[in-house]
Amino acid sequence: MVTEHRAVAALRVFLVVLFGVLVVFQTLSLPGQFAYMAEQSPEDAHLRWPATAVTVFWVLCVQVVIVATWQLLSLVKNDRIFTEASLKWVDAIVWAIAAGWVVLVGVFLWVGFNADDPGVPLLLFLLTVGVSVLGLLMVVMRALLRQATTLRTDMEAVI
């Protein structure tokens, strides 16, 4: 139990740090990077705003996952993880991953059809597969959580 509390505390610290770094990326780094790229390559300047919007959206999806994870940690801490309340936070994670995946597939297809070098499309394909695995893993974990919640509810009804 002590190890679980330490792990939850450590994870919360890292979630706060990650969220803070993502806010910096979202507000300063990504817009600044795409503005710089537009200045350096005027022929690609038309991609500045779409690239900024897409990457900021992906960061937002990760931030939703972080907030939902924080809420799930609160449920773990209060021994309420096997309740219906936890399922809405897992759903938020699944939907955030799905939204990011849809945009990633769109970017992958657009880049794939317009690329003259296979490097970036292969990288995007790898990311698409990785996000697919993560999303499907979360769907399976949600099903396991649903089963555990049902079992716990049934056990409480018997007792």
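Which residues does Val-94 touch, leaving aside those up to four places away in sequence? In this predicted model, the answer is Met-138 and Val-139. That pair of contacts is a handy way into the structure, but the overall layout comes first.

The fold is simple to list: the protein chain has 4 helices and 0 strands. Going along the sequence, the pattern reads α-α-α-α. The radius of gyration of the protein chain comes out at 20 Å, whereas the globule rule gives 15 Å for 159 residues, so the chain is more spread out than a compact globule. A box drawn along the principal axes to hold the C-alpha atoms would be roughly 70 × 30 × 20 Å.

What about contacts along the chain? Taking contacts between residues at least 6 apart in sequence, 71% join residues that are at least 24 apart. Val-94 with Met-138 is one pair that touches.

Next comes the inside of the protein. Buried residues account for 25% of the 159 residues. The largest nonpolar core is made of 11 residues, including Ala-68, Leu-72, Ile-81, Val-90, Val-94, Met-138 and Leu-145. Three helices each put at least two residues into this core: H2 (48-77), H3 (84-114) and H4 (119-158). Of these, H3 gives the most, with 5 residues. Apart from this core there is another one, built from 8 residues, with Val-8, Leu-22, Phe-34 and Ile-66 among them. Val-94 and Met-138, the touching pair from the opening, are both members of the 11-residue core.

Now for the outside. The protein chain exposes about 10,500 Å², and carbon and sulfur atoms supply 74% of that area. As for charge, there are 9 positive and 11 negative side chains. The centres of these two sets sit 16 Å apart.

One residue gives a closer look at helix H4, which is where Val-120 is found. Is Val-120 buried, partly exposed or exposed? Its relative accessible area is 49%, so Val-120 counts as partly exposed, with the cut-off for exposed being over 50%. Val-120 also helps to show the spread of the chain: Asp-79 is 41 residues away along the sequence, and the C-alpha atoms of the two are separated by 45 Å.

How values were computed: Residues numbered from 1 in each chain as written. Predicted model: local features only at pLDDT ≥ 70, side-chain atom pairs only at ≥ 80, totals over all residues. Heavy atoms only, no water. Rg over C-alpha atoms; globule rule 2.2 N^0.38 Å. Buried < 20%, exposed > 50% of the residue type's maximum accessible area, 1.4 Å probe, protein only. Contact = heavy atoms within 4.5 Å. Areas by Shrake-Rupley, 256 points an atom, 1.4 Å probe, with all protein chains shown as cover. Lys, Arg positive; Asp, Glu negative; His and termini not counted. Charge placed at Lys NZ, Arg CZ, Asp CG, Glu CD. Core = buried A, V, L, I, M, F, W, Y, C linked by side-chain atoms within 4.5 Å.
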